[in-house]
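Ready for some practice in reading a protein model? Take a look at the structure below, and then work through the exercises one step at a time.

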Amino acid sequence: MKILMVCLGNICRSPLAEGILKQKAIAAGLDWEIESSGTNGYHTGEPPHVLSQKVALLNHIDIGAQRSNRFIAEDFERYDKIYAMAEDVLLSMKIIAKNKFDATKVELLLNELYPGKNIDVPDPWYGEEPGYHEVFNIIDEACEKIIYKYVHATHCK
């Protein structure tokens, strides 16, 4: 399974989501390819935000080697599932992908926890460190649900 996590700049939320889901997939024995990207391209090539890295390390996840990538239309062909961190990100994905946009492959991440509620993962960019901890915990819970759903669905077949 190939999964892409997408936010605006690919330096705060989606790198955390990539790191968290990777760790959980490995722990569950799943051979998944998990990556992340951003829709605005402002930070392409940059490492994750220093506070995202700090919070990840405090939770035993090293995301320091990640580099920001720009979301492209062809990502809909490369990935099986794409998670957007927020509705504005999803809208940007539609604009970027144009006719390659595939609604069957994309979901807001928090719809895993709150189906159909379309709740955004808060963007910690403008806040202080506690906001990054909050975002980590929210994403961690959603990623746990993704792993549970997949493992449970596989074992029930």
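Here are four exercises, each with a worked solution.

A word on the model: it is predicted, so local features need pLDDT of at least 70 and side-chain atom pairs count only at pLDDT 80 or more, while totals for chains, interfaces and linings use all residues. Residues are numbered from 1 along each chain as its sequence is written, and side-chain values use heavy atoms, with hydrogens and water left out.

**Exercise 1. Find the pattern of helices and strands along the chain, and check its radius of gyration against a compact globule.**

Step 1: Begin with the elements, which are DSSP runs numbered from the N terminus (helices: H or I, at least four residues; strands: E, at least two). The chain contains 5 helices and 4 strands.

Step 2: Following the sequence, you meet them as β-α-β-α-α-β-α-β-α.

Step 3: Now the radius of gyration, taken over C-alpha atoms; the globule rule is 2.2 Å times the number of residues to the power 0.38. For 157 residues a compact globule would come out near 15 Å, and the chain's 14 Å agrees with that.

Step 4: Along the principal axes, the C-alpha atoms fill a box of roughly 45 × 35 × 30 Å.

**Exercise 2. Describe the aromatic pair of Trp32 and Tyr150.**

Step 1: Recall the rule: rings of Phe, Tyr and Trp (its six-membered ring) pair if their centres lie within 6.5 Å, and planes under 30 degrees apart count as stacked, over 60 as edge-to-face and the rest as tilted. This rule gives 4 aromatic pairs.

Step 2: The ring centres of Trp32 and Tyr150 are 5.0 Å apart and their planes stand at 80°, so this pair is edge-to-face.

Step 3: Locate the partners. Trp32 is in the loop between helix H1 (13-27) and strand E2 (33-38), and Tyr150 is in helix H5 (residues 129-155), so the pair links distant parts of the chain, 118 residues apart.

Step 4: Judge accessibility (buried: under 20% relative accessible area; exposed: over 50%; partly exposed: in between; 1.4 Å probe, protein chains only). Trp32 is buried at 12%, whereas Tyr150 is partly exposed at 32%.

**Exercise 3. Work out how the rings of Phe76 and Phe101 are arranged.**

Step 1: Their centres lie 5.1 Å apart with planes at 65°, so the pair is edge-to-face.

Step 2: Phe76 belongs to helix H3 (residues 75-78), and Phe101 to the loop between helix H4 (87-97) and strand E4 (106-108), 25 residues apart.

Step 3: Phe76 is buried, with 3% relative accessibility.

Step 4: Phe71 joins Phe76 and Phe101 in one aromatic cluster.

**Exercise 4. Examine the phi angles of Asn10 and Lys98, and decide whether each residue is buried or exposed.**

Step 1: Start from the general picture: most residues other than glycine have a negative phi.

Step 2: Asn10 is not a glycine, yet its phi is positive, about 60°. Asn10 sits in the loop between strand E1 (2-7) and H1.

Step 3: Lys98, also not a glycine, has a positive phi of about 50°. Lys98 is in the loop between H4 and E4.

Step 4: With 2% relative accessibility Asn10 is buried, while Lys98 is exposed at 62%.
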